[in-house]
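The report below reads a structural model through its charged side chains first and its overall fold afterwards. Please keep the sequence and the coordinates at hand while reading.

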Amino acid sequence: MEINFSKQNKYDKAYLRMALEWAKLSYCKRKQVGAIIVKDRMIISDGYNGTPSGFENCCEDNKGDTEWYVLHAEANAILKCAASTQSTKGATLYITMSPCKECSKLILQAGIERIVYMEKYKDNSGLDFLNKAGIEIIHLPEEELNS
């Protein structure tokens, strides 16, 4: 299915705004991140950063550092698909922050072909890895979402 650039850009902004809303569900204090996975213009999964099921919803230790076991938004969205009948092969990941190097491996293995993100993560090695793997990467800063 072919979609022209301006129409695709309109969808990209809308889905990224949804990911931004989804981020607000996170209990993390340092950073709230949201993710939406879309395939054939249908949302097939969503996620936000947080603790694994059954853990207390506290993402930071008493020094304010993120606990090692906190799952990133894109990992939660991919794992949600893995537990369902949905396939992420050929999908687009909309995420409020670019993926870290660990999550970038999950994205590649999940068959996600396109990423649209809002804010850069402190380490760009995840983006570099995905770029090298041929994943389409689009940066849409927050100030462009409502234009």
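## A salt bridge within one helix

Helix α3, which spans residues 101–109, holds both Lys 105 and Glu 102, and the two lie three residues apart, about one turn of the helix. Their side chains form a salt bridge in which the closest N and O atoms are 3.1 Å apart. As this is a predicted model, that distance, like the other values in this report, is a computed one.

Lys 105 has a relative accessible area of 39% and is therefore classed as partly exposed. Glu 102, at 48% relative accessibility, also counts as partly exposed, because the partly exposed class reaches up to the 50% beyond which a residue is called exposed.

## Salt bridges between distant parts of the chain

Across the whole structure, a search finds six salt bridges. In one of them Glu 119 is paired with Lys 31, with 3.0 Å between the closest N and O atoms. This pair links distant parts of the chain, since Glu 119 belongs to strand β4 (residues 114–119) while Lys 31 sits in the loop between α1 (5–23) and β1 (34–39), 88 residues apart. Glu 119 is partly exposed at 33% relative accessibility, and Lys 31 is likewise partly exposed, with a relative accessible area of 33%.

Another salt bridge joins the side chains of Glu 136 and Arg 114, at 3.4 Å from N to O. Here too distant parts of the chain are linked, with Glu 136 in strand β5 (residues 136–139) and Arg 114 in strand β4, 22 residues apart. Glu 136 has a relative accessible area of 41% and is partly exposed, whereas Arg 114, with a relative accessible area of 11%, is buried, because it falls under the 20% cut-off. Salt bridges with shared partners bring Asp 12, Arg 114 and Glu 136 together in one network.

## A buried acid without a partner

Which side chain of opposite charge is nearest to Glu 74? It is Lys 31, 12 Å away, and Glu 74 is buried yet has no salt bridge. Glu 74 is found in helix α2, which covers residues 73–82.

When residues up to four places away in sequence are not counted, Glu 74 touches Ala 35, Leu 93, Ile 95, Pro 99, Cys 100, Cys 103 and Ile 107.

## The chain as a whole

The protein chain contains four helices and five strands, and along the sequence these follow the pattern α-β-β-α-β-α-β-α-β. The radius of gyration is 15 Å, close to the 15 Å that the globule rule gives for 147 residues, so the chain is as compact as a globular protein of that length. Taken along the principal axes, the C-alpha atoms fill a box of roughly 50 × 35 × 25 Å.

Of the contacts with a separation of 6 or more, 52% are between residues 24 or more positions apart. Buried residues make up 40% of the 147 residues, and the protein chain exposes about 8700 Å², of which carbon and sulfur atoms supply 50%. The chain carries 19 positive and 20 negative charges, and the mean positions of these two sets are 3 Å apart.

Notes: Residues are numbered from 1 along each chain as its sequence is written. This is a predicted model: local features need pLDDT of at least 70, side-chain atom pairs count only at pLDDT 80 or more; totals for chains, interfaces and linings use all residues. Side-chain values use heavy atoms; hydrogens and water are left out. The radius of gyration is taken over C-alpha atoms; the globule rule is 2.2 Å times the number of residues to the power 0.38. Buried means under 20% relative accessible area, exposed over 50%, partly exposed in between (1.4 Å probe, protein chains only). Contact means heavy atoms within 4.5 Å. Accessible areas come from the Shrake-Rupley method with a 1.4 Å probe; for residues, only the protein chains shown count as cover. Lys and Arg count as positive and Asp and Glu as negative; His and the chain ends are not counted. The place of a charge is taken as NZ of Lys, CZ of Arg, CG of Asp or CD of Glu. A salt bridge is a side-chain nitrogen of Lys or Arg within 4 Å of a carboxyl oxygen of Asp or Glu.
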